[in-house]
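Biologist: Could you take me through one part of this model slowly, as if I had never looked at a protein before? I'd like to see how the sheets are put together and what packs against them.

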Amino acid sequence: MKTNMTRRSIIKAGAGAAAAAAGAFGSLATGGAWAAGSDKPEKEEVRIGFIPLTDCASVVMASVLGFDKKYGVKIIPTKEASWAGVRDKLVNGELDMAHVLYGLIYGVHLGVSGPKKDMAVLMNLNHNGQAITLSKKLADKGAVDGPSLAKLMQTEKREYTFAQTFPTGTHAMWIYYWMASAGINPFKDAKAITVPPPQMVANMRVGNMDGFCVGEPWGHRAIMDGIGVTAVTTQDIWKDHPEKTLGTTADFVRKNPNTCRAVMMAVLEASRWIDAGLQNKLKMAETVADKSYVNTGVDAINQRILGRYQNGMGKTWDDPNHMKFFNDGSVNFPYLSDGMWFLTQHKRWGLLKEHPDYLAVAKQVNQIDLYKDVASAMKISVPRETMRSSKFIDGVVWDGKEPAKYADSFKIKA
């Protein structure tokens with residue numbers, strides 16, 4: 001199949017997909033379940049912020065393919081320059097919702113990453129698909145993974161700088177966890193800096209950092225440009241980890257519950273559409289590569305979304321745990337234990353001074369009842385439990401039980 005489809009042909013193909021999907025969910029669309037009467041969306045134009053990353057795809061495709069209109073809303077994807085900008089615009093109401101870092105929403109809710117405001121996670125947007133990149137200079141000296149990086153840092157003493165994308169965000173937590181699992185204290189042994197995702201590759205090119213953690217396509221872009229190597233993927237740190245969420249303020253949910261449901265349905269449908277097959281993934285890559293969205297070559301996106309990886313040092317592999325947007329609905333459920341995990345890491349690294357009431361905070365933020373309502377209407381299965389068990393790269397298991405004990409159990413912490 002040719003991947004250089006024109007935008008018009010993509011939209012035309014998408015319209016066909018949308019029509020087919022409408023047939024599958026006809027009772028909702030034609031019955032006007034969320035588009036008329038008391039269930040009519042309170043706000044019909046919804047501004048959703050996004051950062052230029054592959055995992056903004058479900059929000060973008062919900063708009064491009066017209067799934068939003070089916071549920072009585074118009075999604076206006078709004079390209080933002082940094083996560084701090086997304087945070088500020090969510091808090092002040094310039095954005096209604098955002099494709100946003102899980103840990104950012106929790107950081108704002110507790111007031112540790114900017115002004116304190118009650119926040120909401122409506123659903124997960126994706127699992128997996130981020131990576132930690134080390135500079136080619138480090139790789140040439142033998143630092144290609146955690147243990148070899150630790151060894152080099154001990155033998156060649158200097159200030160090492162590593163970048164994440166937001167202080168309480170997912171990328172910060174992935175790189176800190178990974179470094180600590182190799183015996184490196186990310187704060188005492190190195191310098192941590194914050195850099196917006198689209199600027200990572202340019203900053204590494206001019207030598208501003210030794211490594212970074214960011215979402216695709218920027219990990220693969222660093223390899224294509226010959227300036228970095230993939231030391232580890234985030235799915236190797238935590239298989240099927242939560243990543244971006246559809247986030248908003250608690251106020252917005254209270255005032256616009258029908259709008260939230262309509263947007264969630266449109267984004268879920270787009271998520272299902274992306275994961276439905278190779279052709280859809282390639283169409284998605286072609287669409288989001290456009291300068292309106294990620295602004296990169298489609299070849300930087302279309303390999304890793306299919307699980308075709310290379311590390312920049314000659315190794316290639318097929319990764320079954322690549323970025324997923326739906327995966328039969330298992331991606332999108334906002335587990336309480338996932339939100340709680342970010343809080344344990346915020347406490348571990350000194351972002352939170354005291355232990356919060358982990359479970360109570362997760363119940364405030366994660367809109368589980370709203371998600372179940374939407375999933376039920378769309379016949380998407382939901383798990384029985386709101387907690388799940390996960391094993392990390394260091395062999396430690398997190399299951400949501402005894403969060404304070406878990407947070408305090410790490411040898412390397414603030």
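Modeller: Sure, let's go through the sheets strand by strand, and then look at the helices and one loop residue.

Before we start, keep in mind that this is a predicted model. The mean pLDDT of the chain is 93, and 91% of its residues reach 70 or more. There is one stretch to treat with care: over residues 1-35 the pLDDT is below 50, although that stretch has 53 contacts in the model beyond near neighbours in sequence. Where pLDDT is low, the predicted coordinates should not be read in detail, so let's move along the chain.

Start with the sheet whose strand order is β2-β1-β3-β10-β4. It is open, has five strands, and its pairing is mixed. Strands β2 and β4 (119-124) sit at the edges with a single partner strand each, so one side of each has no neighbour in the sheet. Going from one strand to the next, the twist averages 30°.

Now zoom in on β1. This strand covers residues 45-50 and pairs with β2 (residues 74-79) in the parallel sense, over six bridges. On its other pairing, β1 runs parallel to β3 (residues 97-101), joined by two bridges. Try finding I48: its bridge partner in β2 is P77, and I48 also stands opposite M97 in β3. For another pair to spot, look for F50, which stands opposite K79 in β2. If you're wondering what holds such partners together, strands of a sheet pair through backbone hydrogen bonds, either parallel or antiparallel.

This sheet has a helix packed on it, too. Helix α6 (residues 102-109) touches β3, β4 and β10 (244-249), and its direction makes about 160° with that of β4.

Next comes the sheet with the order β7-β6-β8-β5-β9, which is also an open one of five strands with mixed pairing. Here β7 (191-194) and β9 (228-233) are the edge strands, each pairing on one side only. Neighbouring strands in this sheet are turned by 25° against each other on average, direction ignored. For an antiparallel pair, look at β5 (residues 130-135) and β8 (residues 211-215), which are joined by five bridges. Within that pair, A131 stands opposite V214 in β8.

Lying across this sheet is helix α9 (residues 170-181). It crosses β5, β6 (161-164), β7, β8 and β9, and runs at about 145° to β6. Helix α9 has a helix partner as well: α16 (residues 336-348) packs with α9 at an angle of about 65°, with the two axes 11 Å apart. The crossing of α9 and α16 is left-handed. Who meets whom? From α9 come T170, M173, W174, Y177 and A180, and from α16 come W341, F342, Q345, H346 and R348. Sorted by class, that contact has six nonpolar, three polar and one charged residues.

Last stop: V331, in the loop between β12 (316-318) and α16. Is V331 buried or exposed? It counts as buried because its relative accessibility is 0%. Leaving aside neighbours within four places in sequence, V331 is in contact with N124, L125, N126, H127, K324, F325 and F326. By contrast, pick F252, which is 79 residues from V331 along the chain, and you'll find the C-alpha atoms of the two separated by 23 Å.

Notes
Residues numbered from 1 in each chain as written. Predicted model: local features only at pLDDT ≥ 70, side-chain atom pairs only at ≥ 80, totals over all residues. Heavy atoms only, no water. pLDDT = per-residue confidence, 0-100. Contact = heavy atoms within 4.5 Å. Pairing = 2+ DSSP bridges. Helix = DSSP H or I, 4+ residues; strand = E, 2+ residues; numbered from the N terminus. Axes fitted to C-alpha atoms, helices over the stretch in contact; angles between N-to-C directions. Left-handed = near helix turned anticlockwise from the far one by under 90°. Nonpolar A, V, L, I, M, F, W, Y, C, P; charged D, E, K, R; others polar. Buried < 20%, exposed > 50% of the residue type's maximum accessible area, 1.4 Å probe, protein only.
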